[in-house]
Amino acid sequence: MSADPELLYYCKPGGERPTGHLVEFLGVQAFLADEPACKTLWDLVSTQFRTRGKFLAVWPGVRFVAVHRDADGSADGFLLVNTPVNWQIDYVVVRPDRRGLGIAGVLVIETLNQAHRRDVPYVTLTSRAELRPLYEACGFTAVGDHQPPAPGTTPTGPR
Ligand SMILES: CC(C)(COP(=O)(O)OP(=O)(O)OC[C@H]1O[C@@H](n2cnc3c(N)ncnc32)[C@H](O)[C@@H]1OP(=O)(O)O)[C@@H](O)C(=O)NCCC(=O)NCCS
């Protein structure tokens, strides 16, 4: 994992863009009914991120899961959305064998389309700096460095 600084971004949804790929934007209960997709997400969280503790802290606030599927219908990319008022994107993750195909980009863009339909004021996320081109291409603006919380405090830091 990279030691790059984390960046904070926001985007004010202002319209819809075609995603081209099939992205399902599911309520969390509908996602939980898809056991194979749940298992794939858990496998990715376990192998592609530093901790599972942050994921477990974030999960109770998750309202939507954007899911991308491969040609066989297997889930290969995910994005979690927390929705207190503005939306917060967490855990953008794509199966290692399916990277570089634009899947993360369409997951993010479909989420912005859905936010626009629901008149969500702002969508935010944090990421390491090397992913800035991904999120700026989706319409996000980096607004500054994000300071991770001190150990033992509320785990709202970058994923
Ligand atoms: C980061 C991640 C989600 C990208 O998924 P992906 O489907 O391969 O990304 P896309 O194909 O949509 O990439 C679109 C653009 O984003 C940028 N990008 C994607 N991954 C990148 C990386 N690792 N480093 C730098 N730029 C990257 C590139 O500009 C890319 O455009 P290009 O293919 O024309 O160069 C995936 O590598 C992953 O799951 N990583 C592990 C989990 C993680 O770090 N998630 C990020 C949390 S903020």
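**Sheet, core and ligand shell in a predicted model**

Phe78 is buried, because 24 other C-beta atoms lie within 10 Å of its own; a residue counts as buried if 20 or more other C-beta atoms, placed from the backbone, lie within 10 Å, as exposed if 12 or fewer do, and as partly exposed in between. The model is a predicted one, in which local features need pLDDT of at least 70 and side-chain atom pairs count only at pLDDT 80 or more, while totals for chains, interfaces and linings use all residues. Residues are numbered from 1 along each chain as its sequence is written.

Phe78 belongs to strand 4 (residues 75-82); helices (H or I, at least four residues) and strands (E, at least two) are DSSP runs numbered from the N terminus. Setting aside neighbours within four places in sequence, Phe78 is in contact with Leu41, Leu44, Val65, Ala66, Val67, Tyr91 and Val93, contact being C-beta atoms, placed from the backbone, within 7 Å. One of these partners, Leu41, is 37 residues away in sequence, yet the C-alpha to C-alpha separation from Phe78 is 7.1 Å.

Phe78 also appears with Leu79, Leu107 and Val108 among the residues with the most contacts inside the largest nonpolar core, a set of 36 residues. Strand 1, helix 2 (35-48), strand 3 (62-69), strand 4, strand 5, helix 4 and strand 6 each provide at least two residues of this core, and helix 4 gives the largest share, with 8 residues. Such a core is a set of buried Ala, Val, Leu, Ile, Met, Phe, Trp, Tyr and Cys residues joined through C-beta atoms within 7 Å.

The strand pairing comes next. Two strands are taken as paired if DSSP finds at least two bridges between them. Strand 2 (residues 23-27) and strand 3 run antiparallel and are joined by 5 bridges, with Phe25 bridged to Ala66 of strand 3. Strand 3 is in turn joined to strand 4 by 7 bridges, again antiparallel, and Val62 has Asn82 of strand 4 as its bridge partner. Strands 3 and 4 form a hairpin with 5 residues between them, and Gly73 in the turn has a positive phi of about 90°.

Pro84 sits in the loop between strand 4 and strand 5. Pro84 counts as exposed because it has 8 C-beta neighbours inside 10 Å. Between Pro84 and Gly61, 23 residues apart in sequence, the C-alpha to C-alpha distance is 7.9 Å.

Strand 6 (residues 123-128) pairs with strand 1 (residues 6-11) through 6 bridges in antiparallel fashion; here Leu8 is bridged to Thr126. Strand 6 is also joined to strand 5 (residues 87-94), by 2 bridges and in parallel, and Trp87 has Val123 as its bridge partner. From strand 5 the chain passes through helix 4 (residues 103-117) to strand 6, a β-α-β crossover that is right-handed, in the sense that, with the strands pointing away from the viewer, the path from the first strand over the helix to the second runs clockwise.

The ligand is surrounded by 18 residues, of which Arg99, Ala104, Gly105, Ser127 and Leu134 come nearest; a residue is near a molecule if its C-beta atom, placed from the backbone, lies within 6 Å of it. Strand 5, helix 4 and helix 5 (132-137) are the elements that give two or more residues to this shell. By class, the shell has 9 nonpolar, 6 polar and 3 charged residues, where Ala, Val, Leu, Ile, Met, Phe, Trp, Tyr, Cys and Pro count as nonpolar, Asp, Glu, Lys and Arg as charged, and the others, Gly among them, as polar.

Conventions: Contact = placed C-beta atoms within 7 Å.
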